[in-house]
Amino acid sequence: LLWRPARLQRGGYGERALALHPVAPDYYHHYLAVSYTAAGAYQRALEQCQSAPMSIPEHAALRTVILNEMGKKTEARSAANEFIIRAEGSWAGHDPFDPSMALAWYGQILVVADNRRRQRYTTQIAKLLGLTPYELVS
């Protein structure tokens, strides 16, 4: 899905998979939202996020990026704070929880092949949270 932005703009494999699956799991919507975000189709990405009320931290982080890209800064900041709350609630890292560590983790697990785009997404979240952006390690 990530490699065909033009096809994503008009619908495609991801939406077809949703149509074929009688009870599509939330992660289908999440990964389709990731694909739409990478393609710049933010409204469609947001619709997919809203179709999957997932409680995992990375879903809130993705919503942060989508809302920020749409210019909805207040909602994006709220989603960024939700990301940190969810990450802290499920943190199993070796060190005590720190928001910057959660953001570093998100940068590592984000399913976007383009490192510049991943960097842009994590930088947006960092700025909304008042954290210093950092360089992702490839």
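A salt bridge here is a side-chain nitrogen of Lys or Arg within 4 Å of a carboxyl oxygen of Asp or Glu. Keep that in mind for the exercises below, and keep in mind too that this is a predicted model.

**Exercise 1. Getting your bearings**

Work out how many helices and strands the protein chain has, and in what order its elements run.

*Solution.* Start with the tally: the protein chain has eight helices and zero strands. Next, read from the N terminus on, and you get α-α-α-α-α-α-α-α. Now look at how the chain is covered: of its 138 residues, 42% are buried. What is left open to the outside comes to about 7,600 Å², with carbon and sulfur atoms supplying 53% of that area. Finally, take the contacts with a separation of 6 or more: 51% of them join residues 24 or more positions apart.

**Exercise 2. A salt bridge between two helices**

Find the salt-bridge partner of R63 and say which helices the pair ties together.

*Solution.* First, find the partner: R63 forms a salt bridge with E82, and their closest N and O atoms are 2.5 Å apart. That fits the 4 Å cut-off. Second, place both ends: R63 sits in helix α5 and E82 in helix α6, so the bridge ties together parts that are 19 residues apart in sequence. Third, check how covered each end is. R63 counts as buried because its relative accessibility is 16%, and the limit for buried is under 20%. E82, at 23%, counts as partly exposed.

**Exercise 3. From a pair to a network**

Identify which residues are linked with E82 in a network of salt bridges.

*Solution.* Begin with the bridge you already have, R63 with E82. Then look along helix α6, where R86 and E82 both lie, four residues apart, about one turn of the helix. Their side chains also meet in a salt bridge, with 2.3 Å from N to O. Put the two bridges together and R63, E82 and R86 form a linked network. As for cover, R86 is partly exposed, with a relative accessible area of 22%.

**Exercise 4. A bridge across the sequence**

The model has five salt bridges. Take the one between E69 and R120 and find how far apart its ends are in sequence.

*Solution.* The side chains of E69 and R120 meet at 3.2 Å, N to O. E69 belongs to helix α5 and R120 to helix α8 (residues 115-129), and the two are 51 residues apart, so the pair links distant parts of the chain. Both ends get a cover check: E69 is partly exposed at 25%, and R120 is partly exposed at 36%.

**Exercise 5. Two helices that cross**

Decide whether α5 and α7 run roughly parallel or roughly perpendicular.

*Solution.* Two packed helices are described by the angle between their axes and the distance between the axes. Here, the axes of helix α5 (residues 57-69) and helix α7 (residues 99-109) come within 11 Å and cross at roughly 85°. That angle makes α5 roughly perpendicular to α7, since angles of 65 to 115 degrees count that way. To see the contact itself, find P57, E58, A61 and L62 on α5, along with W105, Y106 and I109 on α7.

**Exercise 6. Three buried residues and their partners**

For T37, T64 and I84, name the helix each one lies in and the residues each one touches, leaving out neighbours up to four places away in sequence.

*Solution.* Go one residue at a time.

- T37 is in helix α3 and is buried, at 1% relative accessible area. Its contacts are Y42, A45, L62, V65, I66 and Y121.
- T64 is in helix α5 and counts as buried, at 0% relative accessibility. It touches A76, A79, A80, I125 and L128.
- I84 is in helix α6 (residues 73-89) and is buried, at 11%. It touches F97, P99, A102 and L129. One more distance is worth checking: I84 and A61 are 23 residues apart in sequence and 8.5 Å apart in space, C-alpha to C-alpha.

**Exercise 7. A patch on the outside**

Find which residues form a nonpolar patch on the surface with Y31.

*Solution.* Y31 is found in helix α3 (residues 26-39). At 41% relative accessibility it counts as partly exposed. Its patch partners are Y27 and V111, and together the three have about 290 Å² of accessible area.

Notes
Residues are numbered from 1 along each chain as its sequence is written. This is a predicted model: local features need pLDDT of at least 70, side-chain atom pairs count only at pLDDT 80 or more; totals for chains, interfaces and linings use all residues. Side-chain values use heavy atoms; hydrogens and water are left out. Patches are made of residues with over 30% relative accessible area and no salt bridge: like charges are joined within 9 Å, nonpolar side chains (Val, Leu, Ile, Met, Phe, Trp, Tyr) within 5 Å. Accessible areas come from the Shrake-Rupley method with a 1.4 Å probe; for residues, only the protein chains shown count as cover. Buried means under 20% relative accessible area, exposed over 50%, partly exposed in between (1.4 Å probe, protein chains only). Contact means heavy atoms within 4.5 Å. Axes are lines fitted to C-alpha atoms, for helices over the stretch in contact, and angles run from 0 to 180 degrees between N-to-C directions. Angles under 35 degrees count as roughly parallel, over 145 as roughly antiparallel, 65 to 115 as roughly perpendicular and the rest as oblique.
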